[in-house]
Amino acid sequence: MLAFMNRDIGSGAYVAMERVQGTLDGLHGSFLLHHCGTMQRGTSGLSVAVVHDSGQDELAGLSGTLQIRIEEGKHYYDFDYQLSSAT
C-alpha cells in the first residue's frame, strides 16, 4: 500500500494490491484486488476491483468490484462478482 494524506486540508490518495484466498460460493482459490482511494478536502472516493485474470484454481475467470461501507465504525464489504470460464 502506498498512501499520502495532507491532514491540514483533508486531501490525499492511496493505492494497494491485496491477495484474497478462500472459498467463494463453495469454490476455493485466490484472486487479487486493486484498491484506488482518494480524498479531496474531506470527500472520499474509492474503487476496489478484481484484477483481470488474477483468479486462481476454482476462482479462475472471476471478475467484479468491491464496495466498502463504514457504519458506526464497522466495516462491511459488498462484493459484486461474476464467475465465468477462464479462456
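These exercises work through the fold, the largest pocket and two backbone outliers of a predicted model.

**Exercise 1. Describe the secondary structure of the protein chain, then decide how spread out the chain is.**

Step 1. Count the elements. The protein chain has seven strands and zero helices.

Step 2. Read them in order. The pattern along the sequence is β-β-β-β-β-β-β.

Step 3. Compare the radius of gyration with the globule rule. The rule gives 12 Å for 87 residues, and the protein chain has 15 Å, well over that value, so the chain is more spread out than a compact globule.

Step 4. Add the dimensions. Along the principal axes, the C-alpha atoms fill a box of roughly 45 × 25 × 15 Å.

**Exercise 2. State how much of the protein chain is buried, and describe its surface and contacts.**

Step 1. Apply the cut-off. A residue is buried when its relative accessible area is under 20%. Of the 87 residues, 22% count as buried.

Step 2. Turn to the surface. The accessible surface is about 6300 Å². Carbon and sulfur atoms hold 51% of that area.

Step 3. Check the contacts. Take those between residues at least 6 apart in sequence: 33% of them join residues at least 24 apart.

**Exercise 3. Characterise the largest pocket: its volume, its lining and the strands that supply the lining.**

Step 1. Start with volume. The largest pocket holds about 380 Å³ of space.

Step 2. Find the residues at its centre. The lining has 15 residues, and the closest to the centre are Y14, G37, M39, S44 and L46.

Step 3. Assign strands. At least two lining residues come from each of β1 (2-6), β2 (11-24), β3 (27-40), β4 (43-50) and β6 (62-71).

Step 4. Sort by chemistry. Nine lining residues are nonpolar, six are polar and none is charged.

**Exercise 4. Examine R41 and D57: what is the sign of phi in each, where does each lie, and is each buried or exposed?**

Step 1. Recall the background. Most residues other than glycine have a negative phi.

Step 2. Take R41. Its phi is near 50 degrees, a positive value in a residue that is not glycine. R41 sits in the loop between β3 and β4.

Step 3. Test the exposure of R41. Exposed means over 50% relative accessible area. R41 has 60%, so R41 is exposed.

Step 4. Take D57. Its phi is near 55 degrees, again positive in a residue other than glycine. D57 belongs to strand β5 (residues 56-57).

Step 5. Test the exposure of D57. Its relative accessible area is 60%, so D57 is exposed.

Terms used: Residues numbered from 1 in each chain as written. Predicted model: local features only at pLDDT ≥ 70, side-chain atom pairs only at ≥ 80, totals over all residues. Heavy atoms only, no water. 1 Å grid on protein atoms, 1.4 Å probe; cavity = no way out; pocket = protein on both sides within 12 Å on 5 of 7 lines; lining within 4 Å. Points joined across faces, edges and corners; volume = space filled by probe spheres on them. Helix = DSSP H or I, 4+ residues; strand = E, 2+ residues; numbered from the N terminus. Nonpolar A, V, L, I, M, F, W, Y, C, P; charged D, E, K, R; others polar. Rg over C-alpha atoms; globule rule 2.2 N^0.38 Å. Buried < 20%, exposed > 50% of the residue type's maximum accessible area, 1.4 Å probe, protein only. Contact = heavy atoms within 4.5 Å. Areas by Shrake-Rupley, 256 points an atom, 1.4 Å probe, with all protein chains shown as cover.
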